[in-house]
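Here is a walk through one protein model, taken a piece at a time. Keep the structure in view while reading.

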Amino acid sequence: MKLTGGEIIVKQLVREGVPYIIGIPGHGVLGLFDAIRKEEQAGNIKYIQVKHEQAAAAIADGYYRVKGEPLAAFASIGPGTLNLSIGLGTAYADSTAFLALCGDTHVHMKGVGVLQEVERYQDSNIVRSLEPLAKRSWRAESTQQLPRILRRAFNRMATGRPGPCVVTLPMDVQAAACDCEPMDPALEKAGSLPCADKMAIEKAVALMKTAKRPVILAGGGALYAKAGEQIVQLAEQWGAAMVTTLAAKGTVAETHPQYCFHTGSKGTPLGLEICRGADVVLALGTRFADETTCSYRKGAAFNFPETKLIHIDIDAGEIGKNYGADVGIVADLNDSLAQLLGASPAFEINQEYLDEIQALRESWFEYLKEKRARATDKITISQLTGLMNETLPEDTIISTSSGNTQAQLFQEYCYPRANCNLTTGGFSTMGWAVPAAMGAKLAAPERPVVAFLGDGDFLMTMQELSTMAQYDIPVIVLLADNSGWMAIKDLQIDALGTDHAFGNDFTTPEGLAYSPDFAMIAQAFGIDSYRVSTLEGVKAALDEAIAGNVPALIHVDVCREHPDSGGKAFGWWDVPIPAYMEEKRKVYEAQIKEELV
Ligand SMILES: Cc1ncc(C[n+]2csc(CCOP(=O)(O)OP(=O)(O)O)c2C)c(N)n1
Ligand SMILES: [Mg+2]
């Protein structure tokens, strides 16, 4: 069958069962775009317009996180492609997948300086700028290469440790035709994952038997493997505490009595204390990034090597990277957990330890109660988080990006059900929460989806309200407006001192707090909106928006006064102190001297 490059691509997407292709056209993808037109008119795929390519990537990312199936995002040559790059970094850091299709210079025009080519250092080598942000990238130099590249891209994206893949498409390659026999997608991927080595499982179980204070630490890999049920089973059988990383929040129901929330710089006191005091940690699908470890100083979050580590990951590169593993297992988590459950003897459960966890959980809830009872001029993000916890249906998906809303939802929200949390854990990308929530809603139209974010975050991708309105994607945007980048102002105050707060308040020329009228903006986009300043008002708006199941924005004025503006950092974070701050610098230097490297 003779097909153009554009047709080969879109027909392959259809065969792979990709329901949506998202992006912005330009002269650089005209051939691809015309093929999209043909397949959409045939009813085989749906094109979604966004207004910034970053949002195309985030929608695809949100969809993958909920459904586990990759979508395609596309961008034109040059700036369109670079706009998409933030979404690539976000997905790659968190090991989620989508296919990025990017327009590129014609093969025969490479180097002349065609519109939107940058040829001064190297001829049309935009793919190189995307290399660190993708699991694999290709520039297709001929139409004939496309079927194999696409098969390899679909294979690479979803097998093993997922990640986004990039194919750049010279304009002539999209338009030229070649003979092409499509391959059945089932034939291009392995139908199984690597199983854990039995000997390693035996070693792990032998170590687990020695534990008096065991911890199961779930990372993002555990969330995406949907390993929650087996983790709970093993925790109960082993008498272990369950702790998650930022990326893995919500892997298990957080109401479980053995759940200790989180460790790391934004962790909870109980998660930190339990991890520091563990004798054996079973780590599942985590990189031990600094969000999780605070620092590689002993005792900051973990006490390796005194604490023994069993580390299971699908990616061999993570074993031993940050901490030496007493038992390292490269395998699928679900298989490993099934084997551990099967091979586990009746462990001797340390009831005292479980009682201690119970008491720590209770004191954490008590702390939150007190924090939320404090008198403040406006609603705090903490109170908002508590209200959401009481109000939202159990299956609600909540997306966050960066800022105090992310940190506080992470720290303070207690999900009664697994698999409801979406966040940009590794890249912490502002502007992600709204489009990612739209992707989640496309993946799970029957569930309520809330994007919980700050004003700074919203200002980065708020144009996507048009996409929400046009396609009627009923996401609820819950906007905590504190007229500024408060997370960074709070960091300046906490790390450097009050005098160092600078440049993060949004102010009028007179020095008053400045905020656009976000409710009016939403209205202008054709979105239902509410402007509220009381908790009762927020509750009424949330109830109405959920019942209405239409796109909605709730603009809440929140407290901007430190420390009520944010959460508390119970862990440590390696924030280098400027050398001219001599006293603080000395303390900082002493701390980093103890880093394990
Ligand atoms: C794209 C991007 N730029 C900058 C940052 C650094 N950053 C992290 S949080 C933050 C402020 C967030 O402000 P806002 O969304 O209003 O939330 P708030 O902390 O005020 O609640 C900034 C600037 C980032 N994470 N991502
Ligand atoms: Mg803000």
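Are Phe-288 and Phe-302 buried or exposed? Phe-288 is buried, and Phe-302 is buried too. Keep in mind that this is a predicted model.

These two rings also meet. Phe-288 and Phe-302 form an edge-to-face aromatic pair, with 5.5 Å centre to centre and 85° between the planes. The pair links distant parts of the chain. Phe-288 sits in the loop between strand S12 (280–284) and helix H12 (290–293). Phe-302 sits in the loop between H12 and strand S13 (308–313), and 14 residues separate the two in sequence.

Phe-302 has another partner. With Tyr-323 it forms an aromatic pair that is again edge-to-face. Here the centres are 6.0 Å apart and the planes stand at 70°. Tyr-323 lies in the loop between S13 and strand S14 (327–330), while Phe-302 lies in the loop between H12 and S13, so the pair ties together parts that are 21 residues apart in sequence. Tyr-323 is buried, like Phe-302. Step back, and ring pairs link Phe-288, Tyr-296, Phe-302, Phe-304 and Tyr-323 into a cluster. Over the model, the count comes to 21 aromatic pairs.

Rings also meet charges. The charged end of Arg-297 sits over the ring of Trp-572, 4.5 Å from its centre. The charged end of Lys-266 sits over the ring of Trp-573, at 5.4 Å from the centre.

Now turn to the metal. Which residues hold the protein donors of the magnesium ion (ligand 2)? They are Asp-455 (OD), Asn-482 (OD1) and Gly-484 (O), and they lie 2.0 to 2.1 Å from the ion. In sequence, the donor residues follow the spacing D-x26-N-x1-G. Asp-455 and Asn-482 link distant parts of the chain, 27 residues apart. Asp-455 belongs to helix H18 (residues 455–461). Asn-482 belongs to the loop between strand S18 (476–481) and helix H20 (486–496). Both Asp-455 and Asn-482 are buried.

Next comes a sheet. It is open, has 6 strands and runs in the order S3-S2-S4-S5-S7-S6, with parallel pairing. Why is one side of S3 and of S6 left without a neighbour in the sheet? Strand S3 (46–49) and strand S6 (136–139) stand at the edges and each has a single partner strand, so one side of each stays unpaired. From one strand to the next, the twist averages 20°.

Look at one pairing in detail. Strand S2 (residues 20–23) pairs with S3 in the parallel sense over 4 bridges. Gly-23 has Gln-49 in S3 as its bridge partner. Helix H3 (residues 53–67) lies across S2 and strand S4 (72–75), and runs at about 150° to S2.

Helix H1 (residues 5–15) is mostly covered, with 8 of its 11 residues buried. Among them are Ile-8, Ile-9, Val-10 and Leu-13. Just after H1, Gly-17 takes a positive phi of about 80°.

The last stop is Ser-336, in helix H13 (residues 333–343). Ser-336 is buried, with a relative accessible area of 0%. What is Ser-336 in contact with, leaving aside its neighbours within four places in sequence? The residues are Ala-196, Ile-201, Ile-312, Ile-329 and Ala-331. Leu-459 is 123 residues from Ser-336 along the chain, and their C-alpha atoms are separated by 43 Å.

Technical notes: Residues numbered from 1 in each chain as written. Chains lettered and ligands numbered in written order. Predicted model: local features only at pLDDT ≥ 70, side-chain atom pairs only at ≥ 80, totals over all residues. Heavy atoms only, no water. Donors = N, O, S within 2.8 Å, 3.2 Å for Na, K, Ca; no water. Buried < 20%, exposed > 50% of the residue type's maximum accessible area, 1.4 Å probe, protein only. Phe/Tyr/Trp six-rings, centres within 6.5 Å; stacked < 30°, edge-to-face > 60°. Lys NZ or Arg CZ within 6 Å of the ring centre and 35° of its normal. Pairing = 2+ DSSP bridges. Axes fitted to C-alpha atoms, helices over the stretch in contact; angles between N-to-C directions. Contact = heavy atoms within 4.5 Å.
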